[in-house]
Amino acid sequence: MGEEKDLPPGRRLVEYFIPFLLHLAGSGLSKRTIQNHVDNMWLLGGQIIRDVNEEPRLRYSSAELLDRHVIHHDGDQLINRG
């Protein structure tokens, strides 16, 4: 867990991601594949929270807008992995 101020946007992200997670759970994919997707969502959420901390104006944005801020229009992630 990060800081207390990260909880509201973090909760919005979890709520936003739940339908996808439920879809994964019922997809019939292997446990490892599902875990890979969950790990990637964890990275995505972490990047979004970092962005929110760097740009406080994003703190009150919807989860969908926060997600779009990190995902490039062609579907590529704009995640800093280093």
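Is R57 buried or exposed? R57 is exposed, because its relative accessible area is 62%, and the cut-off for an exposed residue is over 50%. This residue is taken up again below, together with its salt-bridge partner.

## Model and confidence

The structure described here is a predicted model. The average pLDDT of the chain is 82, and 84% of the residues score at least 70. Confidence also varies between the elements: helix α1 has the highest mean pLDDT, 91, whereas α3 has the lowest, 78.

## Overall architecture

The secondary structure consists of three helices and zero strands. Along the sequence, the chain therefore reads as the pattern α-α-α. Helix α1 covers residues 7–25, α2 covers 31–54, and α3 covers 63–70.

The chain has 82 residues, of which 27% are buried. About 6,000 Å² of the chain is exposed, and carbon and sulfur atoms supply 56% of that area. Among the contacts with a separation of 6 or more, 51% join residues 24 or more positions apart.

## The nonpolar core

The largest nonpolar core comprises eleven residues: L13, F17, M41, L44, I48, I49, V52, L58, A63, L66 and V70. Helices α1, α2 and α3 are the elements that each give two or more residues to this core. Of these, α2 gives the most, with five residues.

One member of the core, A63, has its place in helix α3. A63 counts as buried because its relative accessibility is 7%, and the cut-off for burial is under 20%. Leaving aside neighbours within four places in sequence, A63 is in contact with R12, L13 and Y16; L13 is itself listed in the core. A63 and P9 are 54 residues apart along the chain, while their C-alpha atoms are separated by 7.1 Å.

## The nonpolar surface patch

A nonpolar patch on the surface is formed by V14, I18, F20, L21, L22 and V38. Together these residues have about 480 Å² of accessible area. Helix α1 supplies the largest share of the patch, with five residues; V14 is one of the patch residues and has its place in this helix.

L21 also lies in helix α1. At 32% relative accessibility, L21 counts as partly exposed. Beyond its neighbours within four places in sequence, L21 is in contact with V38 and M41. V38 belongs to the surface patch, whereas M41 belongs to the largest nonpolar core. L21 and I34 are 13 residues apart in sequence, and their C-alpha atoms are 8.7 Å apart in space.

## Salt bridges

Side chains of opposite charge can pair when their charged atoms come close. How many salt bridges does the count give? The count comes to three salt bridges.

One of them joins R59 and D6, whose closest N and O atoms are 3.7 Å apart. This pair links distant parts of the chain: R59 is in the loop between α2 and α3, D6 is in the segment before α1, and 53 residues separate them. Both R59 and D6 are buried. For D6, the reason is its relative accessibility of 11%, since burial requires a value under 20%. Leaving aside neighbours within four places in sequence, D6 is in contact with I49, N53 and R59. I49 is also a residue of the largest nonpolar core.

Another salt bridge is formed by E55 and R57, with the closest N and O atoms 2.8 Å apart. The exposure of these partners can be set side by side: E55 is partly exposed at 27% relative accessibility, whereas R57 is exposed at 62%. K5 and E3 also form a salt bridge, with their closest N and O atoms 3.8 Å apart. K5 counts as partly exposed at 42% relative accessibility, and E3 is likewise partly exposed, with a relative accessible area of 46%.

Conventions
Residues numbered from 1 in each chain as written. Predicted model: local features only at pLDDT ≥ 70, side-chain atom pairs only at ≥ 80, totals over all residues. Heavy atoms only, no water. Patch = residues over 30% accessible without salt bridge, like charges linked within 9 Å, V, L, I, M, F, W, Y side chains within 5 Å. Areas by Shrake-Rupley, 256 points an atom, 1.4 Å probe, with all protein chains shown as cover. Salt bridge = Lys/Arg side-chain N within 4 Å of Asp/Glu carboxyl O. Helix = DSSP H or I, 4+ residues; strand = E, 2+ residues; numbered from the N terminus. Core = buried A, V, L, I, M, F, W, Y, C linked by side-chain atoms within 4.5 Å. Buried < 20%, exposed > 50% of the residue type's maximum accessible area, 1.4 Å probe, protein only. Contact = heavy atoms within 4.5 Å. pLDDT = per-residue confidence, 0-100.
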